[in-house]
Amino acid sequence: MLSLADLQCSVARAMITGETEPAAAWLVGGARPEKRLDIHLRHYEASLTAALREKFPACAWLAGANVVSAVACEYVRARPPRLLCIADYGEDFPRFLANDGRARTMPYLESFAALEWAVGRVSIAIDHPPISWSDIGRMGSERLLDSTLSLQPGVRYLSSTWGVDELMATYLSGIEPERFVLPESDTFIEVRGARGAVHLTRLDGATFTFRRELAAGCSIGYAAGAALDRDSTFDPGEALRLLAHANLIVTTSAQANAP
Amino acid sequence: MRVAVATRAERSATSSRLAGVGLRLPHLAEVAAGVPTTAWLEVHPENFLANPHARELLLDIARRHSVSLHSVGLSVGSIGGVDRKHLKRIRGLADEIKPILVSGHLAWSTHRGMYLNDLLPLPYTEETLRVVAAHVHEVQDALGRPYVVENPASYVGFATSTLTETEFLAELVARTGCQLLCDVSNAFLSAANMGYDVYAYIDAFPAHAVAEIHLGGFTREDDEATPGGHILIDTHAGAIAEQAWDLYAYALRRFGPRPTLIEWDNDLPSFSTLLAEADRADNVAANALRQGHEHALAG
């Protein structure tokens, strides 16, 4: 008798590859039970491709709904979910979409899709109580440089060689322009959102580097050094003050490690 | 582990309003804003674990309404085991919203780290019983409460099965102390698809363990497995079928009053449409229970 382990291997393979014949030997239901297994297969593909289409409506607007749907179907086969919450599924879809032959005429598509993913993620975030500039000022400069910061969960930093933020703003406005010229230029974007609201802010390169490194968990000293490498006139103290005034800082490692 | 039954759900079942509705994300803000709703609501925890804003709204709703959790990802039938990290996250949510019930499916959906996002069928054998019972024990130990296991919607069975579905469920209850969720629509469509008598199925269903009933819409399609035949698909994309309402009345006369959920997940209508279905469920229940009482008196 087929063990449960072997049976589940066989059915799981059928779900991923679409080859239902091997599993069908053990099934009953109708004259051709493998066709009944197709119902599960169809649901698996349809539910996940629908989830991806819902997450990337701007890409469908830009590249065509048929292209996004077709690529989503291939993505589901190639990258089955590894997490049990479908909200988390699709983080690497932007690269997968951009690598598809049908999207090669749009070199900005990967950046645009990555921006759309970020917009979706921050829109479901909630703001945490921020710490104030005076709280940071009390830390002392020596401790400050070695400290790390936790930023609001609803903030992401993305860079592109295209002005994809303008394109996204156009999409979000709901107004269809007769003509849109997508500027090819280094673009540094802060995506901030909470409770359904999203704001896109274009930053200068040094500020972007500073904030991105902090968001990645680097120390204030390291982030300041990286920003100064990009722009020697960068003022880390002022950048930190602006970050606090934007209510973006939630905790500092100095606070977390305090006795 | 043996666990006590969920008393809040039983108390609500003795009231005249048994029906609740499945609360899906598109209706969340509306319900959080205070629109009138049913006696209780049911949510899929997986929709809230990775969505902090939705979770915040759910916590607010749970302060004012009874809520149950219906997991679609616990996968107690997977040979590879229950995802303990996921189970812990569900426990965390349960600690916050204090649900009246926590339920899930007699099915599997994970395999070697992959999530297959469907409720896949199990053969009803002693081996499967051992696997499912061990996982139900694990879930109950983690949650500190009985897990409520739902009968599946079936399109296929297994030649290797040695037990009927109701025998399997009865034995699972005996081994774990779990409770059961009788999805009347699943029972109806499984019987139609697999060719057995659904009323005999309800007669054999372990009535003492039923903690909840589900009613959901299904869709009739051509059965590619049987030329000229039809198959019913558990789409939750429409109103409850008349045959399912009849079966619901029959089930209530057998089980007694039970919290009953209207499930509608796809082609989601307005929230008021869901409330109308819940009202109908309450009316069907009131009539069925009155008739059952009269029959008992006449007998």
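# A chat about chains A and B

Me: Which strands make up the closed barrel in chain B?
Reply: The closed barrel has eight strands, in the order S1-S2-S3-S4-S7-S9-S10-S13 of chain B, with parallel pairing. Two strands pair if DSSP finds at least two bridges between them. Strands (E, at least two residues) and helices (H or I, at least four) are DSSP runs, numbered from the N terminus. On average, neighbouring strands of this sheet are turned by 30° against each other, direction ignored. Axes here are lines fitted to C-alpha atoms, for helices over the stretch in contact, and angles run from 0 to 180 degrees between N-to-C directions.

Me: Where does this model come from, and how are things numbered?
Reply: This is a predicted model, in which local features need pLDDT of at least 70 and side-chain atom pairs count only at pLDDT 80 or more, while totals for chains, interfaces and linings use all residues. Residues are numbered from 1 along each chain as its sequence is written, and chains are lettered from A and ligands numbered from 1 in the order in which they are written.

Me: Back to the barrel: how many bridges join S9 and S10 of chain B?
Reply: Four bridges join strand S9 (residues 179-183) to strand S10 (residues 210-216) of chain B, and the two run parallel. Asp183(B) has His214(B) as its bridge partner in S10(B).

Me: Which helix lies across those two strands?
Reply: Helix H10 (residues 242-255) of chain B lies across S9 and S10 of chain B, running at about 170° to S10(B).

Me: How many helices and strands are there in chain B?
Reply: Chain B has eleven helices and 13 strands. Its C-alpha trace spans about 50 × 50 × 40 Å along the principal axes. The radius of gyration of chain B is 18 Å, which agrees with the value near 19 Å that a compact globule of 299 residues would have. That radius is taken over C-alpha atoms, and the globule rule is 2.2 Å times the number of residues to the power 0.38.

Me: And what about chain A?
Reply: Chain A has 14 helices and six strands. Its radius of gyration is 24 Å, well over the 18 Å that the globule rule gives for 259 residues, so chain A is more spread out than a compact globule. The C-alpha trace of chain A spans about 75 × 55 × 30 Å along its principal axes.

Me: How many residues does each chain bring to the contact?
Reply: Chain A brings 43 residues and chain B brings 40. Two residues are in contact if their C-beta atoms, placed from the backbone, lie within 7 Å. On the side of chain B that touches chain A, the largest share, six residues, comes from S6(B).

Me: Which strand of chain A pairs with S8(B)?
Reply: Strand S1 (residues 27-28) of chain A pairs with S8(B) in the antiparallel sense over two bridges. Val28(A) has Gly157(B) as its bridge partner in S8(B).

Me: New topic: is Leu37(A) buried or exposed?
Reply: Leu37(A) is buried, with 24 other C-beta atoms within 10 Å. A residue is buried if 20 or more other C-beta atoms, placed from the backbone, lie within 10 Å of its own, exposed if 12 or fewer, and partly exposed in between. Leu37(A) belongs to helix H3 (residues 33-55) of chain A.

Me: What does Leu37(A) touch?
Reply: Not counting residues up to four places away in sequence, Leu37(A) touches Ala14(A), Thr20(A), Ala23(A), Ala24(A), Leu27(A) and Val156(B).
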